[in-house]
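Here is a set of short exercises to work through with the model open beside you. Try each task on your own before reading its solution.

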Amino acid sequence: MSTFKRKAGTQSGPDAKKPKQTQGSITSFFGAPKVTPAAGHSSSSTSASAPEPAVPKFDKAKWVASLTDEQRELLKLEIDTLHESWLALLKDEIVTKEFLELKRFLDREYNAGKKVFPPKEDIYSWSRHTPFNTVKVVILGQDPYHNFNQAHGLAFSVRPPTPAPPSLRNMYICLKNDYPSFVPPPNKGGLLTPWADRGVLMLNTCLTVRAHEANSHANRGWERFTQKAIDLVAARRTRGVVFMAWGTPAGKRVLKVDGKRHLVLTSVHPSPLSAARGFFDCGHFRKANEWLVGRYGEGAEVDWALVEGNSTLDKKRAEEKVEGEVVEDGEVKEVAAKVEEKVEVVVEKEKEKEQVNGKAGVQDGELVGDENVQPKEDTVEG
């Protein structure tokens, strides 16, 4: 592991349990968007000003009563833990034969004693932290973390005391480039629930995984379900949201998103195996906020801060340089980033053997133990 060292010192924000949410209210986000789009982005004023379709009135009790006994049993987790704003829109999808077969597969996994991540109660935590009508930004992940005390239902996020995995630490560097005031969480933390509570939907392509077996629940039905969730955001959030798709598989998920209605940001994946090829300077966090302000006005942007007392809003960009190393095309190379805080990135050597006990390593060209490393093409549904 190499360490980035700053050339100009700054004081980091105080350690705290929960970041302070200082951005504008959700009311300001839903206010009438401006007709003129943000500079540098083409938008259709017609689609921007069109009212969003009303969310259909949903009688949950009546819907549950209409299910068969088997459906109620198979869908108990969805009925109990999927936020009602999402359940109202996904209720037809979860009674399809494909989804019910997925639930039967998961029941077989549990009944066979297989350890599955995340815990059942966390599989749909993304829906509860980010109800459908609060979505401003969508960040797409891939497979959940597959080691203990990692996955909890939000792509890229881990609960303390688990340290932030390599891809997330590289996201911090990218964020530092956009907002030098950003302070990484204390103790190398990686909990991103503050973002989710502010309207950032962090959704994995697959929502479960067998312990220590990456992609073990791929192509079982989750891909269709999560694609439906993405399509619903694109179709029903007509005033526009921001989609961040990192890596080829994530890019395929947003191919049908209307680029005039929404902002679609694509880049290489933040994995140490690809981040040096353009991720650090992609500017996605700042571009997302500039577009949201241009579309909805001041107060619609996301405060990306994760430490109480720190804010990424209304801060001037610093020009300080740091240096470090990443892996590019199997070789360790130097990379520079404009940040003002000491930040660490992971260096993965091409021939490093897989490490045990839940630590990351390189195996067959993939980073083992780190969620959202771009998988092989044949393991991802387009």
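The exercises below go from the whole chain to single residues.

A word on the ground rules: this is a predicted model, in which local features need pLDDT of at least 70 and side-chain atom pairs count only at pLDDT 80 or more, while totals for chains, interfaces and linings use all residues. Residues are numbered from 1 along each chain as its sequence is written, and side-chain values use heavy atoms, with hydrogens and water left out.

**Exercise 1. The overall picture**

Task: Describe the secondary structure, burial, contacts and surface of the protein.

Solution:
- Begin with the secondary structure: there are 13 helices and 12 strands. Helices (H or I, at least four residues) and strands (E, at least two) are DSSP runs, numbered from the N terminus.
- Next, take burial. Of the 382 residues, 57% count as buried; the classes are buried for under 20% relative accessible area, exposed for over 50%, and partly exposed in between, with a 1.4 Å probe and protein chains only.
- Then turn to contacts, meaning heavy atoms within 4.5 Å. Among contacts with a separation of 6 or more, 72% join residues 24 or more positions apart.
- Finish with the surface, computed by the Shrake-Rupley method with a 1.4 Å probe, where for residues only the protein chains shown count as cover. The accessible surface is about 16,800 Å², and carbon and sulfur atoms hold 49% of that.

**Exercise 2. Empty space inside**

Task: Count the cavities and characterise the second largest one.

Solution:
- Start from the idea: rolling a probe the size of a water molecule over the atoms shows where empty space is left.
- Fix the rule. On a 1 Å grid over the protein atoms alone, a cavity is a set of points where a 1.4 Å probe fits but cannot get out, and lining residues have an atom within 4 Å of a point. Grid points are joined across faces, edges and corners, and a volume is the space filled by probe spheres set on the points.
- Count: four cavities of 30 Å³ or more turn up.
- Look at the second largest cavity, whose volume is about 70 Å³. It is lined by 14 residues, and those closest to its centre are Pro 144, Gly 153, Leu 154, Ala 155 and Asn 204.
- Sort that lining by class: 10 residues are nonpolar, three polar and one charged. Here Ala, Val, Leu, Ile, Met, Phe, Trp, Tyr, Cys and Pro count as nonpolar, Asp, Glu, Lys and Arg as charged, and the others, Gly among them, as polar.
- Zoom in on Ala 155, which sits in the loop between S3 and H9. Ala 155 counts as buried because its relative accessibility is 0%. Its C-alpha is 5.4 Å from that of Leu 203, although 48 residues separate the two in sequence.

**Exercise 3. Cysteines**

Task: How many disulfides are there, and why is Cys 282 not bonded to Cys 174?

Solution:
- Recall that a disulfide is a covalent bond between the sulfur atoms of two cysteines. The test used here is a pair of cysteine sulfur atoms within 2.5 Å.
- Apply the test: the count is zero.
- Check Cys 282. The closest cysteine sulfur is that of Cys 174, at 3.6 Å, so the two are too far apart for a bond.
- Add the burial: Cys 282 is buried at 9% relative accessibility, and Cys 206 is buried at 3%.

**Exercise 4. Unusual backbone angles**

Task: Locate two cis peptide bonds and two residues with positive phi.

Solution:
- Find one cis bond from Phe 117 to Pro 118, with omega near -10°. Pro 118 is in the loop between strand S2 (116-117) and helix H8 (125-129).
- Find another from Pro 160 to Pro 161, with omega near 10°. Pro 161 is in the loop between strand S3 (137-140) and helix H9 (166-178).
- For positive phi, see Asn 187, near 55°. Asn 187 lies in the loop between H9 and helix H10 (193-197), and it is exposed at 71% relative accessibility.
- Asn 215 also has a positive phi, about 65°. Asn 215 lies in the loop between strand S5 (209-210) and helix H11 (222-236), and at 23% relative accessibility it is partly exposed.

Note on methods
1 Å grid on protein atoms, 1.4 Å probe; cavity = no way out; pocket = protein on both sides within 12 Å on 5 of 7 lines; lining within 4 Å.
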